[in-house]
Structures are given as C-alpha cells and as structure tokens.
Amino acid sequence: MKKQHDSIRPIVWQDDHLELLDQRVLPHSYKILEYTDVHEVADAIRDMIVRGAPAIGITAAYGIVLAARQRYAENSGAWKETIQADLDYLAASRPTAVNLFWAIDRMKRCISTINGEPVSPLLAEAIAIHEEDIAANYRMGELGAELIEPGSSVLTHCNAGALATGGYGTALGVIRSAYAQGKIKEVHADETRPWLQGSRLTAWELIQDGIPVTLNADGAAAWLMKQGKIDWVIVGSDRIAANGDVANKIGTYNLAVAAKHHGVKFMVVAPTSTIDMSVASGDEIPIETRESSELLDLNGNQIAAEGATAWNPVFDVTPVEIIEAIVTEKGTINKPDQFKMRKLMEDKL
Ligand code: MRU
C-alpha cells in the first residue's frame, strides 16, 4: 500500500513494454516514452531520460526482459549467448551508479537458471527488483525519520526521490516520512547545476506530493548553514565503497565539508544495492564525466564565453569521516567506518 506523499512512479512495466517518464523535459512537460528494444532502453539511461542510481538499475532489469524476448525470438537455441552483447551495451550506459551493475548481475544469475522460455521468469525478477526497491525506500524513510528532531530544517541535493528510484525515494523518502510525522519545518533544495535535478525534479516531485520546498543556488548552501537554518543535510548515493566513502552528485562533497564546518549533521540514504564492497575506498569509484556542453549551454543556447572550455565531472566522493549516518534498509550506521560497513553487509547474508 502506498504511503502519504507518495504519488510518483517513473518506471512502469505496462503489458508487454516498458514506460519511462521523460526526466529531461520535466517539469514543463509530462511525457511518457514507451520501449520495446533493449538498446533504446540503454540509450535512455545514457541520455538521462531515466536517472538516479536505483532507477537506472530497475530500468536495466526491465531492459534485459526486452532483450531476452528479442534474442529468444531471433534464435531460441542461442539466446543466452546472443544476449551477452545487450548486457554489455546496458553496462556501458553510465559508469558510476553501482545499482546498474548490481541489477545486471542479478538478472544474469536469473538467466543462468532458465531452461526454456525466458520472458516470464526474467519479468518476475525485474518486478521483484522494482518492488524490493520501493519497500527498501519505505523502510529507510522510517529509519531516517527516527534521526530527525521535530522542528528540523533539512537541505537536499540533486534528486534522490521517487524519480530516482522505483518510488518514494531515498533521501526524499526520509524527508517524506519525517514530513508526514510533522517533524519538518522547512525543506531546502540545491538547484544542482548543471542538470538542475534540484530545481526541475526535486522541487516538482515535492510540490506534486504537497511538501513545500525552497530552492537555493548551490553556492548559497554554506551561507544557509551559517544562518543556522539547516539541521540535517540529507542526500542519496550512486555508490558507497567498503570503507563508507560516498559517491553522489557533484556538489555533495562541498555540502559535507560545509556541514562539518557549521556543525550540521550529514545523512546518506541508500539501499544496500548501492553498497559496493568490491571497492575499498572512494578513490576506486569510477566518476563519470559528461559533455562540456552541459555546462557551456543552457537549453541548447550557449551561455559561456566563446572559446571557454569546461570540466564536467558529474559525481564526487564524500569521505566517510564527515558523514554522521548512512541509512540503509538493513539498518542505520551512525558514524560509519569500514568495520561497521562490513558488519552491516555480513548481517545482510
Ligand atoms: O546524474 P544523476 O541524476 O543520475 O545523479 C543522481 C544522483 O546523484 C542521486 O543523488 C543518486 O543517484 C541517488 S538516487 C536515490
């Protein structure tokens, strides 16, 4: 059953095809795109029609259902071989969010168990991934809200909401739960240059669900903290290393440093599918760099000086030492470190 403030579902499997809410054109257009081809699904991930770590993983899982249907129809005896190129193509869509590789691995394990028609078992697995993500978000919402005192003001970055997940969100799931409990005085959101996930997506989805939000330029965040207006910074993650270092949208590290300086607490909310125990620290996390045009242009019009070049890493890494809490569906780690991370992941098994 849906929770309060929980109306948005960006990914829908409809009968025989996948539907994605086009996040490039929100909030000005509400456009649903339909997919029957795995390569088009991978391109949708690369082109940010769907974005956010858990949403990318769920979309890839449904993409693999489409791939299996395509390859099985072409050659029912060889589909397990021919699908490998599709899995590689999906894996090449975006490098940082580990949920993509986690979902592909889980679907691969399912493929290895199939004898005969593949669509039904793979669709059941993709739906399970999708539903488990929403359930994890509900659980993290409860756990994260427990950390928040009544009357708190919070600041979030990027979009770690329903749009970035199967539904409800990670960081925004905590904000939704705490708001429903009457604990939140104000929600602030960084606009999140250059792609404006904050002003376009986070503001849109909170307003849709009846939660007031105040936007600020990314550069205003430290000053907002200096005024004593923020109790918690709450963000999601694209990949958490074994030692607890957190990769997330570029600008998250700035926020964590500013929060530490101002005595503001810093919470990361992410399902265990975002934890990558195979990378020892954040230094090993691949950081995606996108086209410089995302910085030099706005809506297709050049805004930067002619001749300027741009550097556009789209994620950064926040060191574990300055994180107050990591909230997962398996529990909360206060003052995380590599030992607490290992314990959480071992308890998971
Ligand atoms: O480039 P994006 O929009 O895919 O980046 C998304 C983020 O950085 C989110 O904060 C992260 O994926 C967590 S989403 C629950």
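User: Why is the ligand said to lie between domain 1 (11-136) and domain 2 (147-348)?

Analyst: In this predicted model, domain 1 (11-136) and domain 2 (147-348) both give residues to the shell around the ligand, so the ligand lies between them.

User: Which elements give two or more residues to that shell?

Analyst: They are helix H2 (53-74) and strand E9 (246-249).

User: Which residues come nearest to the ligand?

Analyst: There are 18 residues around the ligand, and Arg51, Arg94, Gln197, Asn248 and Lys249 come nearest.

User: What makes the pairing of Arg51 with the ligand a polar contact?

Analyst: A polar contact is a pair of N or O atoms within 3.5 Å. A polar side-chain atom of Arg51 lies 2.8 Å from an oxygen atom of the ligand, so the pair is within the cut-off. Gln197 also places a polar side-chain atom 2.8 Å from a ligand oxygen. For Asn248, the distance from a side-chain N or O atom to an oxygen of the ligand is 2.7 Å.

User: How much of the ligand does the protein bury?

Analyst: The ligand taken alone exposes 420 Å², and the protein buries 100% of that.

User: What is the space taken by the ligand called?

Analyst: That space is the largest cavity. A cavity is a set of points where a 1.4 Å probe fits but cannot get out.

User: What is the make-up of the shell around the ligand by class?

Analyst: The shell has seven nonpolar residues, seven polar ones and four charged ones.

User: What kind of peptide bond joins Leu26 and Pro27, and how do you know?

Analyst: The bond is cis, with omega at about 5°. Pro27 is in the loop between strand E2 (17-21) and strand E3 (32-35).

User: What is omega for the cis bond from Arg193 to Pro194, and where is Pro194 found?

Analyst: Omega is near 0° for that bond. Pro194 belongs to the loop between strand E5 (184-190) and helix H7 (197-208).

User: Why point out cis peptide bonds and a positive phi?

Analyst: Most peptide bonds are trans, and most residues other than glycine have a negative phi, so the exceptions are pointed out.

User: What is the phi of His5, and where does His5 lie?

Analyst: His5 is not a glycine, yet its phi is positive, about 55°. His5 lies in the segment before strand E1 (11-14).

Terms used: Residues numbered from 1 in each chain as written. Predicted model: local features only at pLDDT ≥ 70, side-chain atom pairs only at ≥ 80, totals over all residues. Heavy atoms only, no water. Near = heavy atom within 4 Å. Polar contact = N/O pair within 3.5 Å; in protein donor to acceptor, adjacent residues only side chain to side chain. Areas by Shrake-Rupley, 256 points an atom, 1.4 Å probe, with all protein chains shown as cover. 1 Å grid on protein atoms, 1.4 Å probe; cavity = no way out; pocket = protein on both sides within 12 Å on 5 of 7 lines; lining within 4 Å. Sits in = over half its atoms within 2 Å of the grid points. Helix = DSSP H or I, 4+ residues; strand = E, 2+ residues; numbered from the N terminus. Nonpolar A, V, L, I, M, F, W, Y, C, P; charged D, E, K, R; others polar. Domains from an automatic or database assignment.
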